[in-house]
Amino acid sequence: MAEFTLELNDDQKQVKEWLHGFAADVIRPAAAEWDEREETPWPVIQEAAKVGIYSLDFYAQQFFDPTGLGIPMAMEELFWGDAGIALSIVGTGLAAVGVLANGTEEQIGTWIPQMYGDADDVKVAAFCSSEPDAGSDVASMRTRAVYDEAKDEWVLNGTKTWATNGGIANVHVVVAVVDPDIGSKGHASFIVPPDTPGLSQGQKFKKHGIRASHTAEVVLEDVRVPGHCLLGGKEKLDERLARARERAKAGGERVKNAAMATFEASRPAVGAMAVGTARAAYEVALDYAKTRSQFGRPIIDNQGIAFQLADMRTRIDAARLLVWRASWMATTGKPFTSAEGSMSKLYASEAARDVTAQAIQILGGNGFTREYPVERMHRDAAIYTIFEGTSEIQRLVIARTLSGMPIR
Ligand SMILES: Cc1cc2nc3c(=O)[nH]c(=O)nc-3n(C[C@H](O)[C@H](O)[C@H](O)COP(=O)(O)OP(=O)(O)OC[C@H]3O[C@@H](n4cnc5c(N)ncnc54)[C@H](O)[C@@H]3O)c2cc1C
């Protein structure tokens with residue numbers, strides 16, 4: 001087991017430098033254009049594929065880094081470049097992790113390569129869980145998957161919403177209800193292969209931030225997928241459902257929810273994205289404060305400005321430490337006894353929201369215009385307190401974990 005250290009090893013330093021170079025030279029110069037276009041930046045994803053950043057291999061390497069710091073370091077650097085473009089690059093990873101976490105080896109080998117395509121023909125993937133009436137309240141999900149035994153096919157019906165890459169993905173991973181009587185324990189995940197009839201894109205959303213990332217509804221009308229597209233397989237699902245039904249009969253004994261444990265482990269990655277955006281805005285603000293003069297001296301000469309920058313940097317560093325701790329815990333199998341994953345996401349996302357707002361203030365009029373990047377960073381930062389569980393849901397999870405009480 002890797003000892004915890006805050007010092008990156010030589011390999012990590014090299015990867016960090018390489019990612020930083022890509023973020024600075026390729027992502028950042030393209031950021032304003034794709035934010036305005038509100039379209040998926042295919043050429044940038046292709047560049048990332050060419051150099052090996054947009055690939056399963058790269059994510060697997062970071063994911064299996066024994067120190068746990070591979071993913072947070074990668075996320076921070078890419079999102080430092082630009083959040084919308086970076087999400088277009090890493091969005092496929094959300095679907096890939098869904099398959100890695102629940103799929104059989106055969107499913108992993110078959111579907112993950114199709115999620116990425118290759119450098120000459122890049123593809124993206126989507127993870128579709130949220131629905132119009134089931135956001136935070138995942139148990140209210142309505143999309144149904146019914147097994148057609150005669151044909152060994154699953155039939156999916158429902159509407160998913162806010163899906164990153166929804167409708168433009170080559171492979172969609174769809175969470176659906178297989179047993180409505182046992183709440184979220186009756187959910188299962190399915191692969192919808194490329195060009196499956198019945199799956200279509202609904203509304204594409206125009207957004208406040210991360211506008212280079214495609215977000216849309218996904219409509220499923222009698223979508224038939226082969227039995228082998230059920231992640232984990234039917235035998236495992238039947239066993240899991242039988243256990244959950246038994247527990248429900250026995251009075252709903254509280255069981256450790258596997259999905260919750262997965263979220264605890266994935267939330268630090270979102271925290272790291274937030275750290276990247278916050279750091280980017282802080283750097284612009286620090287530079288501006290040192291070079292902008294008013295009343296005959298640089299504005300950083302005023303404690304009112306300098307102290308803000310001191311607080312901004314302190315919050316960013318504190319956020320990174322929480323993210324790294326949680327990532328290390330996830331990788332080394334430490335139990336999240338205090339919901340440390342949620343803590344890291346909560347703190348980092350709120351720090352990013354506040355730090356980017358302070359950056360606008362420090363840049364004054366320029367901060368408010370699109371001539372400078374901080375207004376975009378502030379719009380982008382707003383997503384971190386919403387997706388992968390809102391701040392309120394993080395507080396609920398932390399409070400419930402700490403108290404053991406069913407706080408509402
Ligand atoms: C850009 C973007 C990309 C996304 N990508 C994906 C994706 O790829 N796949 C996917 O499945 N989903 C995705 N989502 C959906 C996202 O995960 C949900 O928006 C999020 O979970 C919140 O759900 P909701 O929007 O329905 O908010 P709601 O659950 O309706 O919440 C509304 C407000 O009420 C608060 N609230 C709700 N319940 C409680 C409570 N019990 N106590 C206190 N406050 C509460 C919330 O915190 C929030 O402030 C994405 C969303 C966006 C905006």
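Me: What makes a residue nonpolar, charged or polar here?
Reply: Ala, Val, Leu, Ile, Met, Phe, Trp, Tyr, Cys and Pro count as nonpolar, Asp, Glu, Lys and Arg as charged, and the others, Gly among them, as polar. In this predicted model, the shell around the ligand divides on that basis into 11 nonpolar, 7 polar and 2 charged residues.

Me: How do you know which residues belong to the shell around the ligand?
Reply: The C-beta atom, placed from the backbone, has to lie within 6 Å of the ligand. The ligand is surrounded by 20 residues, and the closest are Ser129, Gly135, Ser136, Thr390 and Glu392.

Me: Which domains and which helix and strands supply the shell?
Reply: Domain 2 (125-249) and domain 3 (258-403) each give at least three residues. At least two residues come from each of strand 3 (125-128), strand 5 (153-164) and helix 12 (391-403).

Me: What makes domain 2 and domain 3 count as being in contact?
Reply: Two residues are in contact if their C-beta atoms lie within 7 Å. By that rule, 5 residues of domain 2 are in contact with 7 residues of domain 3. On the domain 2 side there are 1 nonpolar, 4 polar and no charged residues. The centres of domain 2 and domain 3, taken over C-alpha atoms, are 31 Å apart.

Me: How do you know whether the span of helix 12 agrees with its number of residues?
Reply: The expected span is 1.5 Å times one less than the number of residues. Helix 12 has 13 residues and should therefore span 18 Å; its end C-alpha atoms are 18 Å apart, so the two agree.

Me: What follows helix 12?
Reply: Glycine 404 does, with a positive phi near 70 degrees.

Key:
Residues are numbered from 1 along each chain as its sequence is written. This is a predicted model: local features need pLDDT of at least 70, side-chain atom pairs count only at pLDDT 80 or more; totals for chains, interfaces and linings use all residues. Domain bounds come from an automatic or database domain assignment. Helices (H or I, at least four residues) and strands (E, at least two) are DSSP runs, numbered from the N terminus.
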